[in-house]
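Got your viewer open? Grab the selection tool and follow along, one stop at a time.

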Amino acid sequence: MKQGAAQNPTVVLSLAQLLAEQPAEPPPGWIEPGLLPAQGILFVGGEPKVGKSLLVANLALALAAGQDRAGFAVPAARRVLVCQFELPVAQFVSRLAAMRRSLGTAADQNLLVDTRAMGHLLSAPQGLQHFLVAAREASAEVIVLDPLYSTHDQDENDTRSMAALCQSLLRLRDASRAALIVVHHVRKSIGRDEIGRAFRGSSALHAVGDSYLLLTRPSASPAAVELRFQFRYAAPLGPRLLELEPQSLWFSAAGAAYHPRPRRKVEPEDVTQALAGIGQQARHNQLRDQIIRATECSKRTAQLAIQEACLTGGIVINIVALTITSSKTA
């Protein structure tokens with residue numbers, strides 16, 4: 001009994017043993033800052049045609065080449081296996097060739113493509129086995145799945161089905177010892193502050209994801225893509241903007257995203273103060289524009305505020321003279 005136990009590897013270790021075996025500092029992530037931890041799972045999502053697959057292809061090439069791109073740092077080159085299910089292989093290779101021109105041959109040996117990924121379901125045992133064999137053949141350190149919905153036949157609105165799919169993702173990660181980058185769809189209606197919970201099947205995904213990257217098209221910068229982040233282990237990262245160069249198909253950093261301050265309600269006191277800044281009497285449009293400048297509100301809000309100030313007695317409108325006067329001097 002004891003002899004048999006001695007032949008088995010030790011699975012229970014003391015804290016002292018764990019501290020002796022582990023490095024003093026955690027290893028750096030494979031995409032920094034915090035985007036892809038070692039053997040982590042990164043979910044990438046966004047609205048249709050926003051550029052999710054292009055950005056993920058950029059990240060895959062940057063990882064394979066060991067080069068910093070799109071404002072992200074890549075500490076070392078990695079073996080990357082791409083499993084994509086939307087484009088024919090020839091068309092996908094053409095896309096990679098366009099991106100490769102600015103890299104040279106740096107990624108040629110480390111970027112590998114599963115040319116028979118289509119038709120294999122991660123949710124089926126034989127499909128999972130296919131991806132594990134491909135990962136072993138590629139010696140993959142990173143596996144890209146683009147998009148997730150093509151790897152299963154489950155109901156993404158059913159929590160139990162999505163939980164089972166997430167277990168398949170964990171089995172793929174653990175058996176291959178690779179990090180995963182998973183492109184996934186988001187719900188049709190999402191709030192401004194939603195990131196990880198914007199993905200379909202979010203309650204299940206939150207149990208397995210280490211980081212979430214959400215792409216949106218900001219109305220203030222229609223030519224750019226805004227990235228929003230949520231990390232399980234890394235420090236928070238503010239939104240940032242990327243711009244796509246259509247010839248090279250590479251995204252480049254375009255600075256931090258700008259978000260206007262939340263608008264507050266314009267009070268009657270704001271109206272009287274705006275009027276006092278002009279004088280004791282002003283025309284309607286003149287007062288409205290002064291309120292907009294002072295409070296950064298919309299034209300509609302300024303007009304409603306003037307109406308409310310009339311009702312509360314803060315100002316008096318002289319319809320004959322088409323002017324507005326403070327009630328204190330009326």
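Start by selecting Arg232 and Asp210: these two form a salt bridge, and their closest N and O atoms are 3.9 Å apart. Arg232 belongs to the loop between β7 (224-231) and β8 (240-245), while Asp210 belongs to the loop between α7 and β6, so the pair ties together parts 22 residues apart in sequence. Keep in mind as you look around that this is a predicted model.

Now show the surface around that pair. Arg232 is partly exposed, because its relative accessibility is 40%. Asp210 has a relative accessible area of 9%, so it is buried. Why would two such side chains pair up at all? Side chains of opposite charge can do so when their charged atoms come close.

How many salt bridges does the structure hold? The count is seven, so let's visit another two.

Next, select Arg200 and Glu156. Their side chains meet in a salt bridge, at 3.1 Å from N to O. This pair links distant parts of the chain, 44 residues apart: Arg200 is in the loop between β5 (179-183) and α7 (202-205), and Glu156 is in the loop between β4 (142-146) and α6 (159-176). Is Glu156 buried or exposed? With a relative accessible area of 10%, Glu156 is buried. Arg200 comes out at 30%, so it counts as partly exposed.

For the other pair, pick Arg173 and Asp174, whose side chains meet in a salt bridge at 2.9 Å, N to O. Arg173 is buried, because its relative accessible area is 18% and the buried class covers values under 20%. Asp174 has 45%, so it is partly exposed.

Slide along to Ser211, which lies in strand β6 (residues 211-216). Its relative accessible area is 0%, so Ser211 is buried. What does its side chain reach? Draw a distance to the backbone oxygen of Leu35, and you should get 2.5 Å.

Time for a helix. Highlight α3, residues 52-65. At 1.5 Å a residue, its 14 residues should span 20 Å, and the C-alpha atoms at its ends are 20 Å apart, which agrees. The helix is mostly covered too, with 14 of its 14 residues buried. Step just past the end of α3 and click Gly66, where phi is positive, at about 70°.

Head for the surface now and select Leu15, Leu18 and Leu19. Together they make a nonpolar patch of about 310 Å². Leu18 lies in helix α2 (residues 15-21), and it counts as partly exposed because its relative accessibility is 36%. While you're on a helix, here's a handy rule: an α-helix has 3.6 residues a turn, so residues three or four places apart point the same way.

Go on to Pro28, in the loop between α2 and β1 (41-46). This one is exposed, because its relative accessible area is 51%. Add Ala76 to your selection: Pro28 and Ala76 are 48 residues apart along the chain, yet their C-alpha atoms are separated by 9.7 Å.

Last stop: cysteines. Select Cys83, which counts as buried because its relative accessibility is 1%. Then try Cys310, which at 27% counts as partly exposed. A disulfide is a covalent bond between the sulfur atoms of two cysteines. How many disulfides are there here? The count comes to zero.

Terms used:
Residues are numbered from 1 along each chain as its sequence is written. This is a predicted model: local features need pLDDT of at least 70, side-chain atom pairs count only at pLDDT 80 or more; totals for chains, interfaces and linings use all residues. Side-chain values use heavy atoms; hydrogens and water are left out. Helices (H or I, at least four residues) and strands (E, at least two) are DSSP runs, numbered from the N terminus. The expected span of a helix is 1.5 Å times one less than its number of residues. Buried means under 20% relative accessible area, exposed over 50%, partly exposed in between (1.4 Å probe, protein chains only). Patches are made of residues with over 30% relative accessible area and no salt bridge: like charges are joined within 9 Å, nonpolar side chains (Val, Leu, Ile, Met, Phe, Trp, Tyr) within 5 Å. Accessible areas come from the Shrake-Rupley method with a 1.4 Å probe; for residues, only the protein chains shown count as cover. A salt bridge is a side-chain nitrogen of Lys or Arg within 4 Å of a carboxyl oxygen of Asp or Glu. A disulfide is a pair of cysteine sulfur atoms within 2.5 Å. A polar contact is a pair of N or O atoms within 3.5 Å; within protein, one must be able to donate a hydrogen and the other to accept it, and residues adjacent in sequence count only if both atoms are side-chain atoms.
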